[in-house]
Amino acid sequence: MLRQLVGFGLVGGAQLVLDWACFVLLTMAGMPVVPANLVGRVAGASIGFWLNGRYTFAGPGRPPLGRRQALRFALFWLVMSTASTGAVQLLDAQQGLHAAWLGKPLVDGLLAALGFVASKFWIYR
């Protein structure tokens with residue numbers, strides 16, 4: 001479990017940096033918050049699914065990455081992306097774009113705890 005937590009944290013950190021960087025750069029270029037957040041989350045998810053499935057949660061008794069894991073990941077990603085996008089959009093509307101830039105890593109960091117549980121017990125099993 002500790003190995004999986006550490007692995008998930010490392011992969012999640014890389015995802016968070018990629019996601020946040022895309023979000024900030026795209027909004028700086030004038031893209032609205034909602035599509036920029038979704039593009040950033042897709043970028044982060046693209047590396048996260050593969051790395052977590054291949055390394056973090058791989059092991060004896062675990063199936064290799066396949067369609068079932070991809071569908072579960074996509075469904076969970078949609079739910080978490082809806083929550084993330086709603087929170088970031090609310091921050092932008094109430095406090096401005098800079099608050100959304102600062103708040104996004106906090107929002108997505110909180111959602112990561114749910115991501116670990118879902119990944120360990122549902123997505124990659």
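# A walk through the helices: rings, charges and a surface patch

Hi everyone. Let me start with the rings: the count of aromatic pairs in this structure comes to seven. Please keep in mind that this is a predicted model.

Here is one of those pairs. Phe8 and Phe116 meet edge-to-face, with 5.3 Å from centre to centre and 70° between the planes. Phe8 belongs to helix H1 and Phe116 to helix H4, so to speak of distance along the chain, they are 108 residues apart. Both Phe8 and Phe116 are buried.

Now for another pair. Phe57 and Tyr124 are stacked, at 5.4 Å centre to centre and 15° between the planes. You will find Phe57 in the loop between helix H2 (33–56) and helix H3 (67–95), while Tyr124 is in the segment after H4, and 67 residues separate the two. Phe57 is buried, and Tyr124 is buried too.

If you follow the ring pairs from one to the next, they link Phe8, Phe49, Phe57, Phe73, Phe116 and Tyr124 into a cluster. Let me pause on Phe49, which is in helix H2. Is Phe49 buried or exposed? Its relative accessible area is 17%, and buried means under 20%, so Phe49 counts as buried. For a sense of scale, Phe49 and Gln94 are 45 residues apart in sequence, and their C-alpha atoms are 32 Å apart in space.

On to the nonpolar core. The largest one has 14 residues, and those with the most contacts inside it are Phe57, Phe73, Phe76, Ile123 and Tyr124. Helices H2, H3 and H4 each supply at least two residues of this core. Which helix gives the largest share? That is H4, with five residues. As general background, nonpolar side chains in soluble globular proteins tend to be buried together.

Next, the charges. There are three salt bridges. In one of them, Asp19 pairs with Lys104, and their closest N and O atoms are 3.0 Å apart. This bridge links distant parts of the chain, with Asp19 in helix H1 and Lys104 in helix H4, 85 residues away in sequence. Another joins Arg41 to Asp108, with 3.3 Å between the closest N and O atoms. Arg41 lies in helix H2 and Asp108 in helix H4, so this pair ties together parts that are 67 residues apart in sequence. Arg41 and Asp108 are both buried.

Lys104 also bridges to Asp108, with the closest N and O atoms 2.7 Å apart. These two are four residues apart in helix H4, which means that about one helical turn separates them. Lys104 counts as buried because its relative accessibility is 1%, and Asp108 counts as buried at 8%. Through shared partners, the salt bridges join Asp19, Arg41, Lys104 and Asp108 into one network. Lys104 has a ring partner as well: its charged end sits over the ring of Phe23, 5.5 Å from the centre.

Finally, let's go to the surface. Met1, Leu2, Leu5, Val6, Leu10, Val117 and Phe121 form a nonpolar patch there, with about 750 Å² of accessible area together. Helix H1 (2–28) and helix H4 (97–123) each supply at least two of its residues, and H1 gives the largest share, four residues. Val117 is in helix H4 and is partly exposed, with a relative accessible area of 45%. Phe121, another member of the patch, has Lys120 over its face, at 5.5 Å from the ring centre.

That's my tour. Thanks for listening!

Definitions and conventions:
Residues numbered from 1 in each chain as written. Predicted model: local features only at pLDDT ≥ 70, side-chain atom pairs only at ≥ 80, totals over all residues. Heavy atoms only, no water. Patch = residues over 30% accessible without salt bridge, like charges linked within 9 Å, V, L, I, M, F, W, Y side chains within 5 Å. Areas by Shrake-Rupley, 256 points an atom, 1.4 Å probe, with all protein chains shown as cover. Salt bridge = Lys/Arg side-chain N within 4 Å of Asp/Glu carboxyl O. Buried < 20%, exposed > 50% of the residue type's maximum accessible area, 1.4 Å probe, protein only. Phe/Tyr/Trp six-rings, centres within 6.5 Å; stacked < 30°, edge-to-face > 60°. Lys NZ or Arg CZ within 6 Å of the ring centre and 35° of its normal. Core = buried A, V, L, I, M, F, W, Y, C linked by side-chain atoms within 4.5 Å.
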